[in-house]
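Visitor: Could you look closely at one part of this model, the sheets of a single chain? I would like to know how the strands are ordered and what packs against them.

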Amino acid sequence: MASAASARRAELRQNPTAGPLAAAGVFFFLAAALTYRADVSLWLSHHHAHVIEKALLVLDRGRLELIGFFYPPLPFLLMLSWPSPVFAGLLAAGCGAGLVWILTRELSCLPFPRPASFGLLLGLATPTTFFLFTQSLWEALLLVLLVVARTQCVEFVSRGNTRALFIAGLALGLAFLANYYVLLFTLPYAFTMLLFVRTTRRGAGVAAAFVLVFPMVATILGWMYLSWVFTGEPLAFTRDPASSMFAFLKPDGADLPTGWSAALRATAHDVRMAPVYMVVAVVVAWYRPFRLLTLVVCAVFVLVLRTFGFVFPDYLATVTFTVVALASLPPRTPRQLWPLLLVTALLQFGLGWALPLRGEPAAWQNAVTSGEVTPEDREETAIGQSLNQRPARSVLIDDRVGYRIIARAGTARPFLTPVDGLYALAVSQPARFVPSMLAPVGRAHVVEAAGQSPAGAHPGLRLTRAWSTWCLYESTTSRATLGPQIR
Amino acid sequence: MSDKDLARALALQRRTCDPLGGILLALGLVRRYDLYHTLSELWELPFVDLSREPADRVLLQSLPMELMIRERFVPVTKAGAQVTVAVARRPDAALEETLRQALGDVPVTYRVTTDWDIDHAIRQTFRQELIDGATYGLFFRNPEDSAHSVFTRSQFAVLVGAVVAALGALYVAPLPVLIVLNLFISLAFLVSIVFKVAVSFVGAAPERWETITADDVTRLEDHDLPLYTVLVPVYHEASVVQQVLRNLSRLDYPKSKLEILILLEEDDVDTIAAAKAAQPPGNVRFVIVPDQVPKTKPKALNVGLYFARGEYLVIYDVEDRPDPDQLKKSVVAFRDGPANLACVQAALNYYNANENLLTRMFTLEYSYWFDYLLPGLHKLALPIPLGGTSNHFRTEILRRLGAWDPFNVTEDADLGARASARGYSVGMINSTTYEEANTHVGNWIRQRSRWIKGFMQTTLVFLRKPAVLVRQIGLIPTLSFLALVAGTPVTFLMTVPMWALYVTWLVRGTNALNPLFPPAILYLSLFNFLVGNMLATYLGMLAVFRRRQYGLIFWALATPVYCVLHSIAASKAVWQLFTRPFYWEKTTHGLSRVRAPR
């Protein structure tokens with residue numbers, strides 16, 4: 001016999017009310033406005049710059065297999081239709097709106113007054129959330145797909161609807177193409193299947209878990225296969241310098257904070273920034289202790305990842321904790337608890353706006369509130385704009401460090417990058433193959449790790465323009481005109 | 001007859017309001033001959049044994065066969081103006097009026113005989129008409145509806161033209177032609193994948209509620225149920241004929257309202273003998289199908305349809321084991337459905353799923369097809385290619401549609417499409433019939449090649465006038481029909497060549513194939529290869545999960561290999577389409593070592 005709460009949930013799912021749509025619409029509108037503001041201020045996140053640059057390269061070169069070097073591919077594939085900061089922001093905002101829509105529908109099932117249920121979403125109306133859902137498409141995709149999978153798993157477990165299992169499995173499979181952390185977060189889903197799927201026949205739980213994880217396993221194998229086809233190495237995508245996968249194994253990642261104590265401190269800080277998570281944990285522990293596992297597992301995963309040196313940004317942790325908490329509120333939460341939960345959400349809202357952000361989110365907040373960006377941001381834009389009219393493949397650049405320049409240029413056409421066959425030759429003798437070369441200041445190499453001699457030492461190249469972070473070298477001869485012929 | 005039996009029959013009569021005689025007959029409590037003898041005494045009319053006093057053939061042929069079957073009478077003799085009519089029902093005013101219209105104002109005397117004798121006399125007298133009607137009925141009504149001509153002239157011209165043009169182009173510019181061919185194949189796979197996934201996604205939704213609930217079935221009153229005809233074509237299946245009677249006896253439907261017609265081929269003496277030896281109850285009748293080519297199931301069904309009196313009609317194969325409440329669910333579906341609902345299809349599945357790899361794969365496929373794909377088509381109001389059995393019809397509409405095409409070897413799929421084209425709808429009911437899955441690869445390929453050949457025949461029939469089809473059913477349903485009925489053979493056919501190319505590339509590492517795969521086609525092919533196979537496997541998994549066949553889930557991983565078998569069957573089907581288009585590849589039943597559950 002279905003409970004009143006599950007009946008209401010079912011009714012809501014079949015007859016979505018205007019509330020969730022309105023909430024999602026408001027969120028999208030705000031996120032879109034912030035995207036526009038950041039774009040006008042010339043602010044661009046590293047992740048979006050990276051994705052945009054890859055999309056521009058593929059569109060210009062016409063070969064999709066260039067992504068054989070790239071992970072995660074889903075944001076990149078989505079960006080192919082319009083590789084620009086605004087579109088990336090809108091896509092992320094769409095993910096956020098989707099998440100809000102799902103959460104609002106879930107919260108509508110609580111026996112709270114409707115404004116109070118919706119008010120709980122204020123816990124998410126913080127700068128960190130908006131940063132994530134405007135400037136970090138891959139993490140936005142991860143979160144929304146995880147929430148979709150969770151909702152559908154609940155639907156499947158409670159009502160036995162195999163279409164829900166189908167959607168949940170596909171969502172997890174897709175999520176791997178957005179962020180590999182899904183591998184870890186899938187475990188509790190599969191475990192839930194093992195524990196809760198019971199029928200008159202044996203083996204239902206194992207079968208359900210298998211069906212759930214199958215798309216993700218297939219996606220991993222499929223991506224490895226593509227990587228093998230295009231690069232000769234099935235795991236090449238794990239070594240993509242721009243991907244944080246196994247970052248701790250790379251020299252660049254050596255300075256990542258690892259170890260229990262550092263990870264614990266960081267995670268505890270993130271939990272403190274999410275009072276909704278803490279209060280919901282207490283509520284769940286009191287009324288539905290078994291569900292507490294979901295909340296605890298989430299924090300433990302973040303802790304474990306950080307302990308082993310994986311990057312799990314604080315803003316992502318805070319938003320994840322809050323989303324998981326809101327989605328975990330039992331439908332039978334006593335009605336009298338709504339003031340407590342609402343006050344907690346307001347507290348988190350206040351904390352989110354009052355406490356200063358760190359790192360990239362702080363720079364973004366500064367850009368969208370005061371319109372100020374760093375001189376490097378302005379410079380990158382200026383460099384990109386000044387080069388984007390140059391002939392095809394005329395500017396030698398290593399996009400592993402210069403991806404922001406290409407993203408700012410809005411086209412990959414003028415640039416000769418490692419995906420081009422002539423790149424290695426051009427690096428060895430730039431003056432012979434390209435009219436210009438862009439290298440970071442202080443490195444004086446196109447490829448830092450390639451052990452090339454300083455650019456200035458190359459015969460035929462001279463420094464024509466220097467910015468604070470980049471130097472442009474031009475050929476002194478007229479022979480270096482092979483670039484346009486490359487195609 | 002014991003008092004207990006009589007009490008049972010009387011109880012049934014109270015529930016159904018049927019004549020007691022029919023109930024006693026259906027329960028097997030009296031012999032037909034004895035019953036009608038008794039009835040003749042009750043009605044105070046003399047009895048006539050038509051096997052000893054045969055009816056006058058000329059007189060018989062002067063009346064319409066269908067009328068006599070429907071009204072249960074045959075004229076026996078005519079002496080002067082006086083006509084003697086044998087009846088298997090009590091003469092009443094309605095019958096008198098019917099006879100007056102048929103025979104004119106002549107004096108009529110009645111005699112009583114059995115319904116079997118009436119049917120037999122009609123079959124003997126109208127043998128050639130039955131053969132012609134069952135074989136060419138549809139063709140005579142509208143040749144364009146029949147697969148009698150495999151290709152029309154214009155279709156043949158287009159086919160030859162296309163082949164010649166392709167060969168010519170291949171000679172002039174082989175690479176571009178091969179690239180275009182590759183593109184066409186890739187697009188066909190893509191359309192097939194997208195279409196099937198989208199439809200299955202919709203089809204998975206109804207499981208959230210029971211389309212027809214147990215309460216709906218319980219609410220039906222026995223006396224309110226119509227006569228239901230069950231057609232069971234049997235050929236060279238003497239060993240399983242007993243089983244079908246046992247399975248059908250499980251149906252939860254008043255026996256007196258159930259008319260079971262076992263369709264036996266005239267030359268199949270073993271099965272006829274086995275059927276008689278089974279001594280079925282009186283509601284089971286044998287219809288002997290005259291021995292003449294084509295010896296196909298649809299022809300036998302057409303013969304059976306002549307003798308069907310039920311308001312609704314269903315087809316079961318000899319090894320079928322339908323859910324007991326299936327007929328009642330069908331009645332609910334028809335009563336609750338629109339007036340143009342011509343047919344409802346029940347799901348098919350297998351009771352010997354775990355027998356071997358083939359039966360496992362077959363079960364995976366059928367679970368997907370009947371539990372996801374067809375319900376999806378139903379929900380989207382798209383044409384449904386009916387399955388071979390367990391399709392329930394409104395008998396009247398079935399006759400109006402021209403019944404089955406004996407020249408089409410998937411007469412069921414053809415009929416479903418024709419129903420849509422004529423403005424009727426086809427639905428699904430949440431009931432299952434369990435069958436015996438093929439256990440032998442050879443037998444499987446024979447069966448599958450027939451199905452694929454039938455799909456090709458159906459495609460050719462409906463593409464004779466594509467514009468008319470679009471006008472009749474709409475653009476989207478036409479595209480859906482093409483994606484499923486035409487697309488399935490195409491994708492099956494292309495599977496082995498594409499796998500061969502892939503394995504060649506994999507093993508030899510050759511670059512010779514690279515020119516055939518320019519970037520766009522390469523990406524399309526990779527998508528089809530990776531995503532297509534993944535989704536096909538996944539849908540199979542989900543379908544058997546829904547059926548709670550958990551042990552089969554892991555076998556879904558073998559789906560790509562199973563597709564190779566399809567491809568072999570499809571090649572055979574193409575060959576036969578040109579060489580033996582109407583040949584019915586008989587599926588041998590009764591090979592399973594797993595006994596059907598009782």
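Guide: What follows goes through the sheets of chain B, one after the other.

This is a predicted model, in which local features need pLDDT of at least 70 and side-chain atom pairs count only at pLDDT 80 or more, while totals for chains, interfaces and linings use all residues. Residues are numbered from 1 along each chain as its sequence is written, and chains are lettered from A and ligands numbered from 1 in the order in which they are written.

One open sheet in chain B has three strands (DSSP runs of E, at least two residues, numbered from the N terminus), in the order β1-β2-β3 with mixed pairing. Two strands pair if DSSP finds at least two bridges between them. The edges of this sheet are β1 (73-79) and β3 (108-112) of chain B; each has a single partner strand, so one side of each is left without a neighbour in the sheet. From one strand to the next, the twist averages 25°. Strand β2 (82-87) of chain B runs parallel to β3(B), and five bridges join the two. Within β3(B), B:Val108 stands opposite B:Val83.

Another open sheet of chain B has eight strands, again with mixed pairing, and its order is β6-β5-β4-β7-β10-β9-β11-β8. At its edges are β6 (284-289) and β8 (321-322) of chain B, which each pair on one side only. Strands β9 (341-350) and β11 (425-435) of chain B run parallel and are joined by nine bridges. B:Thr433 in β11(B) is the bridge partner of B:Leu348.

A helix (a DSSP run of H or I, at least four residues) packs on this eight-stranded sheet. The helix is α14 (297-307) of chain B, and the strands that α14 touches are β4 (228-234), β5 (258-265), β6 and β7 (312-315) of chain B. Touching here is contact between residues whose C-beta atoms, placed from the backbone, lie within 7 Å. The direction of α14(B) makes about 140° with that of β5(B). Such angles run from 0 to 180 degrees between N-to-C directions, with axes fitted to C-alpha atoms, for helices over the stretch in contact.

Chain B also meets chain A: 19 residues of chain B are in contact with 24 residues of chain A. On the chain A side, α9 (162-176) and α11 (204-231) are the elements that give two or more residues. The largest share, 11 residues, comes from α11(A).

How values were computed:
Contact = placed C-beta atoms within 7 Å.
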